Amino acid sequence: MIRTIAMPADTNPAGDIFGGWLMAQMDLAAGNAATRHARGRCATVAVEAITFHSPVRVGDEVSLYADILSTGRTSMRIRVQAWRRERDNDYTNRVTEAVFTFVALDSTGRPRPIPAG
């Protein structure tokens, strides 16, 4: 869904990429999947069990993948995984994952049914 580069401005005091930056990227990836699936505006309503497996370093390429796990009448659950590729080689590893819940919204911001198919 998204591929980006971790930059120095995204670091925490220890010099690793700030977990909040990574979570924001994950929310963007989930939002993109939700909007495409629901064919319109959606909003995040919950994030389940975000797990950080290993740090992301400045310069790493971060790739985010999103899968729709389930769809209800107005909501959907989306699993997002974040993978890093070291800047100077092809080594990759999964760094975090979480499940996001989104609700489809109408033009007034109220929940609306997700189109079938």
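## Terms and overall picture

Two strands are said to pair if DSSP finds at least two bridges between them, and it is in this sense that S4 and S5 form a hairpin, with 6 residues between them. The structure described here is a predicted model.

The protein chain contains 1 helix and 5 strands, which follow the pattern β-α-β-β-β-β when read along the sequence. Taken along the principal axes, the C-alpha atoms fill a box of roughly 45 × 25 × 20 Å. Of the 117 residues in the protein chain, 37% count as buried, and about 6,500 Å² of the chain is exposed, with carbon and sulfur atoms supplying 52% of that area. Among contacts with a separation of 6 or more, 67% are accounted for by residues 24 or more positions apart.

## The sheet

The 5 strands form an open sheet in the order S1-S3-S4-S5-S2, and the pairing is antiparallel. Strand S1 (2-5) and strand S2 (42-52) stand at the edges, and because each has a single partner strand, one side of each is left without a neighbour in the sheet. From one strand to the next, the twist averages 25°.

At the S1 edge, S1 and S3 run antiparallel and are joined by 4 bridges, and Ile5 stands opposite Glu61 in S3. S3 in turn pairs with S4 in the antiparallel sense over 10 bridges, and these two strands form a hairpin with 3 residues between them. S4 and S5, which also form a hairpin, run antiparallel and are joined by 11 bridges.

Arg79 offers a way to follow the sheet across three strands, since this residue of S4 is the bridge partner of Asp67, while the bridge partner of Arg79 in S5 is Val99.

## Helix and nonpolar core

Helix H1 lies across S1, S2, S3, S4 and S5, and runs at about 50° to S5. The largest nonpolar core has 25 residues, and those with the most contacts inside it are Met76, Ile78, Val80 and Phe102. At least two residues of this core come from each of helix H1 (19-38), strand S3 (61-71), strand S4 (75-85) and strand S5 (92-104), with H1 giving the most, 8 residues.

Val80, one of the residues with the most contacts inside the core, can serve as a point from which to view its surroundings. When residues up to four places away in sequence are not counted, Val80 touches Met26, Ala29, Ala30, Leu64, Tyr65, Ala66, Thr96, Glu97, Ala98 and Phe100. In a regular strand, side chains alternate between the two faces of the sheet.

## The segment after S5

Beyond the last strand, Pro111 has its place in the segment after S5. With a relative accessible area of 44%, Pro111 is partly exposed, because that category covers values between the 20% limit for buried residues and the 50% limit for exposed ones.

Leaving aside its neighbours within four places in sequence, Pro111 is in contact with Thr74, Val103, Ala104 and Leu105. Pro111 and Ala30 are 81 residues apart in sequence, and their C-alpha atoms are 18 Å apart in space.

Methods:
Residues are numbered from 1 along each chain as its sequence is written. This is a predicted model: local features need pLDDT of at least 70, side-chain atom pairs count only at pLDDT 80 or more; totals for chains, interfaces and linings use all residues. Side-chain values use heavy atoms; hydrogens and water are left out. A nonpolar core is a set of buried Ala, Val, Leu, Ile, Met, Phe, Trp, Tyr and Cys residues joined through side-chain atoms within 4.5 Å. Buried means under 20% relative accessible area, exposed over 50%, partly exposed in between (1.4 Å probe, protein chains only). Contact means heavy atoms within 4.5 Å. Axes are lines fitted to C-alpha atoms, for helices over the stretch in contact, and angles run from 0 to 180 degrees between N-to-C directions. Accessible areas come from the Shrake-Rupley method with a 1.4 Å probe; for residues, only the protein chains shown count as cover.
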